[in-house]
Amino acid sequence: MWCSTRFDFRSIIFWLYINDVNNASTILQLILFADDTNAFLSHKDADCLVDIRNTELNKLSTWLGANRLSLNIKKTKFIVFKPSQKRSSVNIQLLINGHKLDQVKETVFLGVMLDENLNWKSEISNVASKVSKSVGIIRKSTLYLSTKSLRTLYFSLLYPYFFYCNLVWASTYRTKLSRLVILQKRVVRIIAKTQCYAHTDPIFKNLGILKFYDIHLLQLGLFMYSYQIRTLPSKFDCKFTLNRQVHSYNTRNSHAFRLPFCRTNIKQFSIFYQGPKFYNSLTTEIVNSSSPASFKKVIKAFNCKKC
C-alpha cells in the first residue's frame, strides 16, 4: 500500500530553501518539480502507514516553519494506492499542524492522471478527450492543407499526447486502449484523405506513422537500450537480470534478459517484465545500435515494416 501527499507552497521564494527539504525526513521519498512537491511512503499495514505518515508530516511541518515557509492546507491532498480488489476498512486520517488532509481518488502527477488503483482509466480518458479535439482540427484543415502538411499537424497536435509517458499508462489491457487506437486510425484516414472504412495498415506505412501499440514498443525499446548502455538512473542497476548471471552455461540465450516470475497481470504489465520480453525479441542488429538515435531510427523502421 502506497500513500502520496501533494503540497503547494505559497511563498514565491520557496525555491531558495527547497533544495534541502529532503533532510526533513529520512523515511519519506520526496519528489520535487518546480513548485510541485510530492511525498511518497509505502507499507504493507495500513495502520502503520498512517502512524508513520503523520509522524513524518510533523517533521516536514517543523522544517517548513524553520524555513519560514507556509503550506496551503486546502491544496494539500493525499491518495492511497492499492489494488482494486483490496478493500481497506481502515479509516485513514492524515494530519499536519492539527489540520486534516483531504483524501482524493485521483490526482495529476507531472501531467499524468494517477488513480488510486493505477488502472490508468482516468489518464486514458483524459488523453482521448484531448486527441478527439485535435482530430476535429485536422478534419477541418483537410480543405486547405495537403497530406504532407496534415501529417506535420498530426505530429504537432496528436503525437505528443500519444507519446508522453506512454511507457507507463499504456501498459494495461488493450481493451482500455481501444478508444485511442480507433482515434488514431480515424485521423490517419483523414490525413490520407481516404474513405472512412479504408484499411489503415498501408496508410500507416505510406505516411511513416507508427501505430499506437508500436509507439509503446518504441518506448520500451528505448528504455531497455538506455539500461544496456548504462544511462538510466542508478536505482535501475539491479532491476534486470541476464541469463548468464543466473547460470554459467554458454547457451544462445545467455546474453538475453531473464524474465521475472509474474503471479499477477499487474506485474506482467510492468516495465520489469514487458521491457525484457520485448528487447529479447529484437534482432542483434537493432540491439547493437551505435547510439540511441540510430536505435530509434532502426526500431521505427522495424515497426513500420510490420504494417
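Does S134 count as buried or exposed, and what is its relative accessibility? S134 counts as buried, because its relative accessibility is 8% and the cut-off for buried is under 20%. The model in which this residue is seen is a predicted one. S134 is found in helix 2. Leaving aside residues up to four places away in sequence, S134 touches L157, L158 and Y161.

Before following helix 2 further, an overview of the chain may help. The protein chain has 307 residues, of which 42% count as buried. It contains 13 helices and nine strands. Among the contacts between residues at least 6 apart in sequence, 66% join residues that are at least 24 apart.

Now back to helix 2 and its partner. Two packed helices are described by the angle between their axes and the distance between the axes. Helix 2 covers residues 121–141 and helix 3 covers residues 147–157. Their axes come within 10 Å and cross at roughly 165°. Angles over 145 degrees count as roughly antiparallel, and helix 2 and helix 3 are therefore roughly antiparallel to each other. The crossing in which helix 2 passes helix 3 is right-handed. On the helix 2 side, the contact is made by S134, I137, I138 and S141. On the helix 3 side, L150, L153, Y154 and L157 take part. Sorted by class, the contact of helix 2 with helix 3 has six nonpolar residues, two polar residues and no charged ones.

One residue of this contact, Y154 of helix 3, leads on to the interior. In soluble globular proteins, nonpolar side chains tend to be buried together. The largest nonpolar core here has 56 residues. Y154 and W169 are the residues with the most contacts inside this core. Helix 8, residues 212–228, gives the most to the core, with nine residues. A second core, separate from this one, has 21 residues, and A24, L64, F78 and I96 are among them. As for Y154 itself, its contacts beyond four places in sequence are with I138, Y159, F162, Q184, V187, I191, I209 and L210. I138 also belongs to the helix 2 side of the contact described above.

Helix 8 is the next stop. Which residues does G221 touch, not counting those up to four places away in sequence? G221 touches F278, Y279, F295 and I299. The place of G221 is in helix 8, and a relative accessible area of 0% is why G221 is buried. G221 and G275 are 54 residues apart in sequence, yet their C-alpha atoms are 7.0 Å apart in space.

G275 belongs to the helix 11 side of a contact with helix 8. Helix 11 covers residues 271–280, and its axis and that of helix 8 come within 9 Å and cross at roughly 90°. That angle makes helix 8 roughly perpendicular to helix 11, since angles of 65 to 115 degrees count as roughly perpendicular. From helix 8, the residues that meet helix 11 are L217, L220, G221, F223, M224, Y225 and Q228. From helix 11, they are I271, Q274, G275, P276, F278 and Y279. The residues of this contact divide into nine nonpolar, four polar and no charged. F278 and Y279 of helix 11 are also among the residues that G221 touches.

Two loop residues deserve a look for their backbone. Phi of C165 is near 55°, a positive value in a residue other than glycine. C165 lies in the loop between helix 4 (159–163) and helix 5 (166–169). With a relative accessible area of 27%, C165 is partly exposed. K193 also has a phi near 55°, positive in a residue other than glycine. The loop that holds K193 runs between helix 6 (174–192) and helix 7 (201–207). K193 counts as partly exposed, because its relative accessibility is 46%.

The last stop is a strand. V108 lies in strand 8, residues 106–109. V108 is partly exposed, with a relative accessible area of 34%. V108 and E123 are 15 residues apart in sequence and 9.0 Å apart in space, C-alpha to C-alpha.

Definitions and conventions:
Residues are numbered from 1 along each chain as its sequence is written. This is a predicted model: local features need pLDDT of at least 70, side-chain atom pairs count only at pLDDT 80 or more; totals for chains, interfaces and linings use all residues. Side-chain values use heavy atoms; hydrogens and water are left out. A nonpolar core is a set of buried Ala, Val, Leu, Ile, Met, Phe, Trp, Tyr and Cys residues joined through side-chain atoms within 4.5 Å. Buried means under 20% relative accessible area, exposed over 50%, partly exposed in between (1.4 Å probe, protein chains only). Helices (H or I, at least four residues) and strands (E, at least two) are DSSP runs, numbered from the N terminus. Contact means heavy atoms within 4.5 Å. Axes are lines fitted to C-alpha atoms, for helices over the stretch in contact, and angles run from 0 to 180 degrees between N-to-C directions. Angles under 35 degrees count as roughly parallel, over 145 as roughly antiparallel, 65 to 115 as roughly perpendicular and the rest as oblique. A crossing is left-handed if the near helix is turned anticlockwise from the far one by less than a right angle, and right-handed if clockwise. Ala, Val, Leu, Ile, Met, Phe, Trp, Tyr, Cys and Pro count as nonpolar, Asp, Glu, Lys and Arg as charged, and the others, Gly among them, as polar.
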